[in-house]
Amino acid sequence: MARSLLTSALCGAALIACAAGAALAHGPTRQKVTESVEINAPPDKVWAVIGNFQDMSWHPAIQKTTGEGGNTPDVAKRQLDLGNGATIDEELYKYSAEDHSYSYRIDKVDVKVLPVNNYSSTLEVKAEDDGKKSLVEWHGAFYRGYPNNDPPPELSDEAAKTAVTGVYKAGLEALKKKLEATN
Amino acid sequence: MRRIPWRVAPLLLRLAPALALLTGAATRAQADEAFITEQSGGGVSVVDLVARKTIARIEVGGKPAGIAMSKDGATAFVTSTEGKFVTLIDAASRRISGRIDMPDTPLGVAADPAGRFLYVSGFYQPRIYKIDLEARAIVATAEVGASPSGVAVSPDGGLIVVADRDDDAVSILDASSFQSIAKVKTGAHPFGVTIDAKGARAYTANVESNDISVIDLKARALIGTVPVGKRPYVVALAGGRGFSSDQYGGTVSAFDLETLQPIGRVSVGEYPEGLQASADGSVLYVVDWFSNDVQAIDPKTLKVTAKIEVGDGPRSFGLFLRETR
């Protein structure tokens with residue numbers, strides 16, 4: 001259980017569209033998930049922790065991030081290592097330090113790691129309470145892991161949403177804890 | 001609330017207000033309602049584009065996604081991807097007037113201008129279906145390329161163009177024989193397909209190559225490619241310009257139809273998909289799937305002029321505007 005949760009969390013954090021999605025048809029119903037957390041720290045401080053695409057160490061499911069291209073959209077790539085051989089390959093397609101926001105997609109992930117196809121995601125920090133606090137929002141759009149009709153339960157729409165939600169929640173909770181502890 | 005018609009030339013620009021005054025309602029060619037398919041929510045919302053609010057909701061079910069409007073605005077046709085059916089909606093009364101079961105997951109849909117036939121793509125088989133609207137039954141089936149998505153009919157009703165997404169091509173069919181008469185290569189993964197008012201060109205939005213393919217329908221050949229924002233889904237046309245809804249970009253891109261050069265982009269909601277210009281070309285409407293809204297854009301200035309909240313997961317993949325007068 002621990003492993004599957006971890007790998008799920010890891011995958012979700014990494015994000016985006018599977019390479020497999022390019023070769024296969026996907027079911028026509030795309031799913032969406034949004035999770036957010038309020039953090040008692042200014043946006044700049046939160047962005048300093050999560051604003052580097054090459055560093056996902058703030059997410060508890062990610063053991064290692066390796067990559068290249070910095071934070072340059074369409075150039076930057078990263079591989080998230082979730083342990084036990086589970087990885088997620090991701091690519092950055094939008095980045096704005098000014099808006100405290102970046103968007104990426106999954107290029108490659110095994111549906112056993114994260115049961116999604118064609119995954120894209122945005123991580124964003126918004127100011128609250130006159131900039132004294134932050135609202136971190138993480139959202140993703142994706143298709144289920146099974147690209148055709150009649151999916152098995154582990155590759156259903158619900159399974160995909162549950163897995164992504166788990167990844168986002170685990171990451172945002174850890175981020176809040178980390179930032180509020182150092183406040 | 002009257003909007004000034006699209007100003008094509010300085011002369012027209014000066015004449016337009018006078019014409020509007022003289023002819024009154026006749027120049028009010030603007031679409032007054034938008035029918036929004038809400039795939040996650042399961043319904044179709046009717047948005048009053050003057051009042052800028054949702055005024056009716058029709059429960060359709062089965063994850064509605066694609067839409068077409070009859071030329072007279074009397075009937076909306078909606079594909080439900082999971083329910084595998086097409087729903088006919090009496091647009092004025094907001095009542096469901098029929099339902100046609102499909103043998104495959106329907107996605108793209110287009111209505112014959114004469115009002116006799118409906119064309120629906122079946123995503124997995126992959127086929128296109130010709131439905132006789134009087135008999136309310138499939139009367140012909142044609143094989144097309146992999147994962148057929150968007151469908152468009154030429155203004156004279158003679159040609160049907162289907163975006164064969166996973167084949168990186170469009171199939172062109174003769175409507176009466178319902179045979180494929182040509183296949184034209186496009187950019188990577190064409191999704192939406194749009195035919196211009198003259199029936200001269202078809203445009204596809206190519207999701208994976210981030211560009212628009214321009215196809216000459218007479219020559220049946222690719223005549224141009226225009227770079228746009230990331231993950232374009234649908235093309236719309238207005239006032240000598242083309243527009244695309246860019247899902248990853250969160251933008252609508254504009255390009256010149258003559259030079260095929262990019263003009264600019266405007267930020268809209270998240271994951272924009274459905275995109276159509278009002279009949280007079282004065283307003284563009286874009287449907288934002290993630291952020292659950294419809295935004296109005298001035299196609300000339302590329303500024304957002306209105307934002308209207310709608311239900312969950314709106315797509316309106318196809319033609320979704322209806323004129324009420």
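1. Sequence-distant contacts in chain B. In this predicted model, 44% of the contacts in chain B between residues at least 6 apart in sequence join residues at least 24 apart. The chain contains 1 helix and 29 strands.

2. Dimensions and burial. The C-alpha trace of chain B spans about 50 × 45 × 35 Å along its principal axes. Its radius of gyration is 18 Å, which agrees with the value near 20 Å that a compact globule of 325 residues would have. Of the 325 residues in chain B, 53% are buried.

3. Confidence. The model scores ipTM 0.81 and pTM 0.87. Chain B has a mean pLDDT of 92, and 90% of its residues reach 70 or more. Residues 1-30 of chain B, however, have a pLDDT below 50, although in the model this stretch has 34 contacts beyond near neighbours in sequence. Where pLDDT is low, predicted coordinates should not be read in detail.

4. Contact between the chains. In the model, 15 residues of chain B are in contact with 10 residues of chain A. The side of chain B that touches chain A comprises 7 nonpolar, 4 polar and 4 charged residues.

5. Strand S17 of chain B. This strand covers residues 201-206, and 5 of its 6 residues are buried, so S17(B) is largely enclosed by the rest of the structure. Which strands pair with S17(B)? Strand S16 (residues 190-195) of chain B is joined to S17(B) by 4 bridges, and strand S18 (residues 211-216) of chain B by 6 bridges. The pairing with S16(B) is antiparallel, and the pairing with S18(B) is antiparallel as well.

6. Residues of the two hairpins. B:Asn206 of S17(B) is the bridge partner of B:Pro190 and also stands opposite B:Asp211 in S18(B). The hairpin of S16(B) and S17(B) has 5 residues between the strands, and in this hairpin B:Gly199 takes a positive phi near 75 degrees. In the hairpin formed by S17(B) and S18(B), 4 residues lie between the strands, and B:Asn210 in the turn has a positive phi of about 55 degrees.

7. Helix H3 of chain A. Which residues of this helix, spanning residues 43-50, are buried? They are A:Pro43, A:Val46, A:Trp47 and A:Ile50. These residues lie on the same side of H3(A), because they cover an arc of only 100 degrees around the axis. The buried residues of H3(A) pack against four elements of chain A: strand S1 (31-39), strand S6 (116-128), strand S7 (133-144) and helix H4 (157-181).

Terms used:
Residues numbered from 1 in each chain as written. Chains lettered and ligands numbered in written order. Predicted model: local features only at pLDDT ≥ 70, side-chain atom pairs only at ≥ 80, totals over all residues. Rg over C-alpha atoms; globule rule 2.2 N^0.38 Å. Buried ≥ 20, exposed ≤ 12 C-beta atoms within 10 Å, placed from the backbone. Contact = placed C-beta atoms within 7 Å. Nonpolar A, V, L, I, M, F, W, Y, C, P; charged D, E, K, R; others polar. pLDDT = per-residue confidence, 0-100. Arc of directions from axis to C-beta. Pairing = 2+ DSSP bridges.
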